[in-house]
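Subject: A structure for you to look at

Hi,

I am passing on the structure we talked about, and I would like you to open it and keep it on screen while you read. My notes come right after it.

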Amino acid sequence: MNAIITAAELVGELSADRPPVLLDVRYQMGGPHGRAAYEAGHLPGAVFVDLEAELADPPGPGGRHPLPDVEEFGAVMRRAGVRHDTSVVVYDGGQGWAAARAWWMLRWTGHPDVRVLDGGLAVWAGPVETGIPAPATGDFRPVPGAVPLLDADQAAELARTGLLLDARAGERYRGEVEPIDRVAGHIPGAVSAPTMENVGADGRLLPASELAARFASLGAGGDRPVGVYCGSGVSAAQQVLALEVAGIPAALYVGSWSQWSADGSRPVATGADPG
């Protein structure tokens with residue numbers, strides 16, 4: 001199953017007898033809450049999902065966006081109408097990070113058919129609505145572990161024995177700036193792979209062949225295991241999505257740099273070299 005869907009494909013699926021469940025996951029770090037944008041206009045039938053309140057627990061030892069309680073996540077998905085036997089399409093404002101977080105969480109908890117609207121709401125030319133839908137309660141019961149998840153120790157091991165990609169901007173990886181977390185730098189052995197390089201000027205993911213070539217140039221290939229982290233486990237989910245499109249399975253380190261850097265016992269590398 002493809003991990004993404006185009007706007008044109010979605011138009012066709014929404015007119016089918018059994019259309020996909022739509023989840024609006026608009027989010028902007030440090031910006032206005034996505035709920036206001038959702039209420040101003042969203043895809044017909046889409047239900048708003050709050051990234052910080054429903055796709056993450058409050059910040060703490062697990063990082064800035066630790067995983068929420070699995071049962072509470074399942075309740076949120078059921079309220080949104082998510083069913084095991086119905087496809088789900090998630091979208092955000094166009095950046096793709098928040099939508100990919102929802103995609104990854106549904107995949108991790110066992111949903112078999114979930115896709116991201118490639119390019120998000122920014123590429124949608126169809127109608128929008130402002131009404132708040134009341135979908136029938138779904139039956140989705142999350143079972144974690146369907147896709148790989150890394151903790152800090154596993155991320156450190158993967159940086160030594162496989163390929164650990166750092167999805168943050170290059171200047172944060174090199175330790176030149178750190179606008180959010182306690183310490184600047186990267187996990188020793190990790191390779192810089194800014195997530196913004198996964199998309200073209202139109203905001204859509206690059207073609208699968210170009211993504212595959214990009215990740216091959218970073219060291220992916222063969223049976224080498226791949227993992228991804230970022231600042232707090234959100235933009236890294238978009239990189240896992242891009243890797244999926246490229247045909248490369250990858251694990252997500254959800255705690256990411258916000259968890260790693262908060263632990264003073266963990267080593268930190270700086271500069272362009274993985275270290």
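Below is what I found, going from the sheet to the strands and then to the aromatic rings.

Please keep in mind that this is a predicted model.

**The five-stranded sheet**

A good place to start is the open sheet, which is built from five strands in the order 6-10-9-7-8 with parallel pairing. Which strands are at the edges? They are strand 6 (149-150) and strand 8 (191-192), and each of them pairs on one side only.

Helix 9, residues 235-245, packs on this sheet and touches strand 7, strand 9 and strand 10. The direction of helix 9 makes about 150° with that of strand 9. How many residues of helix 9 are buried? The count is 10 of its 11 residues, so the helix is mostly covered. Among the buried ones are Ser235, Gln238, Gln239, Leu241 and Val245. After the helix comes Gly247, which has a positive phi, near 85°.

**Strand 7 and its neighbours**

Now look at strand 7, residues 163-166, which pairs with strand 8 in the parallel sense over two bridges. Leu165 has Val191 of strand 8 as a bridge partner, and Asp166 has Ser192 in that strand. Strand 7 also pairs with strand 9, again in the parallel sense, and here there are four bridges. One residue to pick out is Asp166, whose bridge partner in strand 9 is Tyr229.

In a regular strand, side chains alternate between the two faces of the sheet. Strand 7 has Leu163 and Leu165 on one side and Leu164 and Asp166 on the other, and all four are buried. Both faces of strand 7 are therefore covered.

**Strand 2 and its neighbours**

Strand 2, residues 21-24, can be read in a similar way. Val21 and Leu23 point one way while Leu22 and Asp24 point the other way, and all are buried. Strand 2 pairs with strand 4 (residues 88-91) in the parallel sense over four bridges, and Leu23 stands opposite Val90 of strand 4. Strand 2 is also joined to strand 3 by two bridges, and these two strands run parallel. In strand 3, Phe48 is the bridge partner of Asp24. To get from strand 2 to strand 3 the chain passes through helix 2, and this β-α-β crossover is right-handed.

**The aromatic rings**

A pair of aromatic rings is described by the distance of the centres and the angle of the planes. There are three aromatic pairs in the structure, and I will show you two of them.

One is formed by Tyr38 and Phe48: it is tilted, at 5.5 Å centre to centre with 40° between the planes. The pair links distant parts of the chain, with Tyr38 in helix 2 (residues 34-40) and Phe48 in strand 3 (residues 47-48), 10 residues apart. Are these two residues buried or exposed? Tyr38 is buried because its relative accessible area is 1%, under the 20% cut-off. Phe48 is buried too, with a value of 9%.

Another pair is Tyr229 with Tyr253, also tilted, at 6.5 Å centre to centre with 55° between the planes. Tyr229 lies in strand 9 (residues 226-229) and Tyr253 in strand 10 (residues 251-253), so this pair ties together parts that are 24 residues apart in sequence. Tyr229 has a relative accessible area of 0% and is buried. Tyr253 counts as buried as well, at 1% relative accessibility.

There is one more ring to visit. The charged end of Arg266 sits over the ring of Trp260, 4.9 Å from its centre.

**One last residue**

Finally, find Ala156 in helix 6, residues 152-161. Ala156 is buried, because its relative accessible area is 12%, which is under 20%. Where is it relative to Leu22 of strand 2? The C-alpha atoms of Ala156 and Leu22 are separated by 36 Å, and the two residues are 134 apart along the chain.

Have fun exploring, and write back with any questions.

Best wishes

How values were computed
Residues are numbered from 1 along each chain as its sequence is written. This is a predicted model: local features need pLDDT of at least 70, side-chain atom pairs count only at pLDDT 80 or more; totals for chains, interfaces and linings use all residues. Side-chain values use heavy atoms; hydrogens and water are left out. Rings of Phe, Tyr and Trp (its six-membered ring) pair if their centres lie within 6.5 Å; planes under 30 degrees apart count as stacked, over 60 as edge-to-face and the rest as tilted. Buried means under 20% relative accessible area, exposed over 50%, partly exposed in between (1.4 Å probe, protein chains only). A charge sits over a ring if NZ of Lys or CZ of Arg is within 6 Å of the ring centre and within 35 degrees of the ring normal. Two strands pair if DSSP finds at least two bridges between them. Contact means heavy atoms within 4.5 Å. Axes are lines fitted to C-alpha atoms, for helices over the stretch in contact, and angles run from 0 to 180 degrees between N-to-C directions. A crossover is right-handed if, with the strands pointing away from the viewer, the path from the first strand over the helix to the second runs clockwise.
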